[in-house]
Amino acid sequence: MQASGLKPFVLAMKRQGINADRYLLQHGIPSEFVDLAYAPLPKRRRLWTFLDDVLESEGLVKFGHIMAENMSLTDMGPLGLRLAHAPTFVEAFHLLRDNIVNYAQSNEVLVQHDEDQIWFVVESYKKTSRAADLLTVRFIVEMIRLAAGPDWRPRQARLQTSHAPEIEKFPLFKECRVEFDQPGAAVTVSKDIVRSRLREPDSSTQPPPTGHKLTPLPDTGRISDFLRVVIAGYLPYEGPP
């Protein structure tokens, strides 16, 4: 699992006045890793404990305010940049589905058709982390906003974790029906949005170099593969050889 996936959340924490570096340090995640394209988390469970600690220590209400902050996919590095520069929503979805292994192994991205709308679903490896569950939904929302615009909010959402009334009051879930204890984190999106082209990225956002490949993250348990990815994280967008 790549540490850069945490960057949008870490930046949102800092905008809420939270010392994100202290939480990262407590859970053995080097703060500089979130800025590196391919740096992996030393141990996958540190992600869950980091997120859960933030939620437990700051509280659900504060976590809701963090979720309401801007979380640009382009802050995630190569994958986020590729998503933002895809021509259409469908192409962005296929890119995410085919490369989710680069961001978080054992997660699966899929769609479920429901009359005039579609459920955008992410079935994650960790189904008991409320913080990770909420951030997955936030990630899906940000994906949809690439086509629908920055003010788009979901009308229906699903979470894998159990019911918590505070969540239904989150700014993100205003006028949204939230279902709990579901098999995957999910959000509905209209088929019109799915068929649309993506909005032009901000002029300050640069795409990754032409020909860049999103190389799968090794998960072999061998120290040689671990070092290979860490070293690649210090290289500009080239990834593991």
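Trainee: Let's start where helix 1 ends. Which residue follows helix 1, and what is the sign of its phi?

Mentor: This is a predicted model, and in it helix 1 is followed by Gly 17, whose phi is positive, near 80 degrees. There is another case further along: Gly 59, just after helix 3, takes a positive phi of about 90 degrees.

Trainee: Before we go on, how many helices and strands does the protein chain have?

Mentor: The chain comes to 9 helices and 5 strands. Along the sequence the pattern reads α-α-α-α-α-α-β-β-α-β-β-β-α-α. Of the 241 residues, 54% are buried. Among contacts with a separation of 6 or more, 70% are between residues 24 or more positions apart.

Trainee: Back to helix 1, then. Which of its residues are buried?

Mentor: A general idea helps here. An α-helix has 3.6 residues a turn, so residues three or four places apart point the same way. In helix 1 the buried residues are Pro 8, Phe 9, Val 10, Ala 12 and Met 13.

Trainee: And what covers the buried residues of helix 1?

Mentor: The cover includes helix 2, helix 3, helix 4 and helix 7.

Trainee: Let me take helix 3 from that list. At what angle do helix 1 and helix 3 pack?

Mentor: Helix 1 (residues 7-15) and helix 3 (residues 45-58) pack at about 25 degrees, and their axes are 13 Å apart. Angles under 35 degrees count as roughly parallel, and helix 1 and helix 3 are therefore roughly parallel to each other. Their crossing is left-handed.

Trainee: Which residues meet where helix 1 and helix 3 pack?

Mentor: From helix 1 come Phe 9, Val 10 and Met 13, which meet Phe 50, Leu 51 and Val 54 of helix 3. By class, that contact has 6 nonpolar, no polar and no charged residues.

Trainee: How far apart should the ends of helix 3 be, given its 14 residues?

Mentor: At 1.5 Å a residue, helix 3 should span 20 Å, and its end C-alpha atoms are 20 Å apart, so the two values agree.

Trainee: Which residues of helix 3 are buried, and which helices do they pack against?

Mentor: The buried residues of helix 3 are Leu 47, Trp 48, Phe 50, Leu 51, Asp 53, Val 54 and Leu 55. They pack against helix 1, helix 2 (20-26), helix 4 (60-68) and helix 7 (130-148).

Trainee: Helix 2 has come up twice. Is Tyr 23, which lies in helix 2, buried or exposed?

Mentor: Buried means under 20% relative accessible area. Tyr 23 has 2% relative accessibility, so Tyr 23 counts as buried.

Trainee: What is Tyr 23 in contact with, leaving aside neighbours within four places in sequence?

Mentor: Tyr 23 is in contact with Met 13, Ile 18, Phe 50, Asp 53, Val 54, Ser 57 and Glu 58. You will recognise Met 13 from the buried residues of helix 1, and Phe 50, Asp 53 and Val 54 from those of helix 3. As for backbone distance, the C-alpha atoms of Tyr 23 and Leu 51 are separated by 8.9 Å, with these positions 28 residues apart along the chain.

Trainee: Now a second helix pair. How do helix 4 and helix 7 pack?

Mentor: Read this pair in the same order: angle, then handedness, then residues. Helix 4 and helix 7 pack at an angle of about 25 degrees, with axes 11 Å apart. They are therefore roughly parallel to each other, and their crossing is right-handed. Leu 60, Phe 63 and Met 67 of helix 4 make the contact with Arg 130, Ala 131, Leu 134, Leu 135 and Arg 138 of helix 7. These residues divide into 6 nonpolar, no polar and 2 charged.

Trainee: Is Arg 138 buried or exposed?

Mentor: Arg 138, in helix 7, is buried, with a relative accessible area of 1%. Not counting residues up to four places away in sequence, Arg 138 touches Met 67, Glu 69, Asn 70, Met 71, Arg 145 and Leu 172.

Trainee: One loop residue to finish. Where is Ser 129 found, and what does it touch?

Mentor: Ser 129 is in the loop between strand 2 (117-123) and helix 7. With 1% relative accessibility, Ser 129 counts as buried. Beyond residues up to four places away in sequence, Ser 129 touches Trp 48, Asp 52 and Thr 161. Trp 48 is itself one of the buried residues of helix 3.

How values were computed:
Residues are numbered from 1 along each chain as its sequence is written. This is a predicted model: local features need pLDDT of at least 70, side-chain atom pairs count only at pLDDT 80 or more; totals for chains, interfaces and linings use all residues. Side-chain values use heavy atoms; hydrogens and water are left out. Axes are lines fitted to C-alpha atoms, for helices over the stretch in contact, and angles run from 0 to 180 degrees between N-to-C directions. Helices (H or I, at least four residues) and strands (E, at least two) are DSSP runs, numbered from the N terminus. Angles under 35 degrees count as roughly parallel, over 145 as roughly antiparallel, 65 to 115 as roughly perpendicular and the rest as oblique. A crossing is left-handed if the near helix is turned anticlockwise from the far one by less than a right angle, and right-handed if clockwise. Contact means heavy atoms within 4.5 Å. Ala, Val, Leu, Ile, Met, Phe, Trp, Tyr, Cys and Pro count as nonpolar, Asp, Glu, Lys and Arg as charged, and the others, Gly among them, as polar. The expected span of a helix is 1.5 Å times one less than its number of residues. Buried means under 20% relative accessible area, exposed over 50%, partly exposed in between (1.4 Å probe, protein chains only).
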